[in-house]
Amino acid sequence: MSSLLLSVDLEDVRDWVKGGAGYREAVPDNTRKYLSQFKQWGVKATFFTVGEVARRYPWLIAEIVEAGHELACHGDVHLQLDKLTPREFQADILRNLAALENAGGKGIKGFRAPTFSLTERTSWAHEVLADLGFTYSSSVLPAANPLYGWPEFGRKARKTAGGLWELPVTLHTIPGLPLPIAGGVYFRVLPFFLTRWAITQSLANGLPVVTYFHPYDIDTQQERFMHPDLGEKKHLNMLMYIGRGKVLSRLETLHRSFPFQPYVEYVKNLEAVLCKAPD
């Protein structure tokens, strides 16, 4: 049951940057780098995809599907949940689904909230997703955070409203330092020996490790600009550029030691175990 849940949040950071259209187009090339490595390792991943990206690059979505990877929703235009009403969120997800399906996606069952913005205040999203036929979400950061967090949710996957599974972000286990261990800037900046140790601990406890990467996480050629959602803080923006050249080699090292799995497969296993459990 325990494995690394491999995922890419397929989004184009230029869409939220002032003058972003003037910067170099990078999503296709970086996505293909991921696809090439995943093929070489013989693993499948989940691509949480923004609807706008699917409309812009339908041929790229077709390549992901052809390679046998899972497609999942990441919002139509990457709006955080607290910026939407339940009705607006439903409409947003329907547009997101239509974009993925028009590009060749089928049987889409998963969702990730932009910026992990599913909190206690926006937990109504679970019911909306369940009503739309989704089976899982991976949208909760179960710790206090300057942006979004839901510490009370807990660190284990569990069913929520409508029977929807929520797979929260995996946190480091050092008391008083609940940091995500296998995604984004944390994966790039934290010492790798610490990341491997934390992953080993999580798997040994029978917990999956929720990973999340982005096209820009491996883009060593990206121009310097202020990334969104950082409050214009230069020291945080500096972290966005550190360690990008190490991501794929670190993932390859993890692949040699641990199993990788797409999210939908893990959820199917959860359901199977639940069905076998005694009443």
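Trainee: What makes β3 and β4 count as paired strands?

Mentor: The model is predicted, and in it 4 bridges join strand β3 (residues 46-49) to β4. Two strands pair if there are at least two bridges between them, so β3 and β4 qualify with 4. The two strands run parallel. One of the bridge partners is easy to find: T49 is matched with C73 in β4.

Trainee: Which way do the residues of β4 point, and are they buried or exposed?

Mentor: In strand β4 (residues 70-73), E70 and A72 point one way, while L71 and C73 point the other way. All are buried.

Trainee: How do you know that β9 and β10 are edge strands?

Mentor: The open sheet has 3 strands in the order β9-β1-β10, with parallel pairing. β9 (209-210) and β10 (260-261) each pair on one side only, and are therefore the edge strands. Between β1 (residues 4-5) and β9 there are 2 bridges, and L5 has V210 as its bridge partner in β9.

Trainee: Why is the pair of Y23 and F225 called tilted?

Mentor: The structure holds 15 aromatic pairs. For Y23 and F225 the ring centres are 4.7 Å apart and the planes stand at 40°. The centres lie within 6.5 Å, and 40° is neither under 30 degrees nor over 60, so the pair is tilted. Y23 is in the loop between β2 (7-10) and α1 (27-41), and F225 is in the loop between β9 and α8 (234-239), 202 residues apart.

Trainee: Why does F225 count as buried and Y23 as partly exposed?

Mentor: F225 has 6% relative accessibility, which is under 20%, so F225 is buried. Y23 has 24%, which falls between 20% and 50%, so Y23 is partly exposed.

Trainee: What makes the pair of F187 and F213 edge-to-face?

Mentor: The angle between the planes is 85°. That is over 60, so the pair is edge-to-face. The centres are 5.0 Å apart. F187 belongs to helix α6 (residues 184-189), and F213 to the loop between β9 and α8. Both F187 and F213 are buried.

Trainee: How do you know that R56 and D15 form a salt bridge?

Mentor: Their closest N and O atoms are 3.0 Å apart. The limit is 4 Å, so R56 and D15 form a salt bridge. R56 sits in helix α2 (residues 51-56) and D15 in the loop between β2 and α1, 41 residues apart. R56 has 28% relative accessibility and is partly exposed; D15, at 33%, is partly exposed as well. R56 and D15 also belong to a network of salt bridges that includes E52 and R55.

Trainee: What separates R55 and E52 along the helix?

Mentor: About one helical turn, because R55 and E52 are 3 residues apart in helix α2. Their side chains meet in a salt bridge at 3.1 Å, N to O.

Trainee: Why does E166 have no salt bridge with R112?

Mentor: R112 is the nearest side chain of opposite charge, and it is 7.5 Å away. A salt bridge needs a distance within 4 Å, so E166 and R112 do not form one. E166 is nevertheless buried.

Trainee: What makes the approach of E166 to H126 a polar contact?

Mentor: The two side chains are 2.8 Å apart. That is within 3.5 Å, so the distance fits a polar contact. E166 lies in strand β8 (residues 165-166), and the residues it touches include L118, F153 and R158.

Definitions and conventions
Residues are numbered from 1 along each chain as its sequence is written. This is a predicted model: local features need pLDDT of at least 70, side-chain atom pairs count only at pLDDT 80 or more; totals for chains, interfaces and linings use all residues. Side-chain values use heavy atoms; hydrogens and water are left out. Buried means under 20% relative accessible area, exposed over 50%, partly exposed in between (1.4 Å probe, protein chains only). Lys and Arg count as positive and Asp and Glu as negative; His and the chain ends are not counted. A polar contact is a pair of N or O atoms within 3.5 Å; within protein, one must be able to donate a hydrogen and the other to accept it, and residues adjacent in sequence count only if both atoms are side-chain atoms. Contact means heavy atoms within 4.5 Å. Rings of Phe, Tyr and Trp (its six-membered ring) pair if their centres lie within 6.5 Å; planes under 30 degrees apart count as stacked, over 60 as edge-to-face and the rest as tilted. Lists of a residue's contacts leave out its neighbours within four places in sequence.
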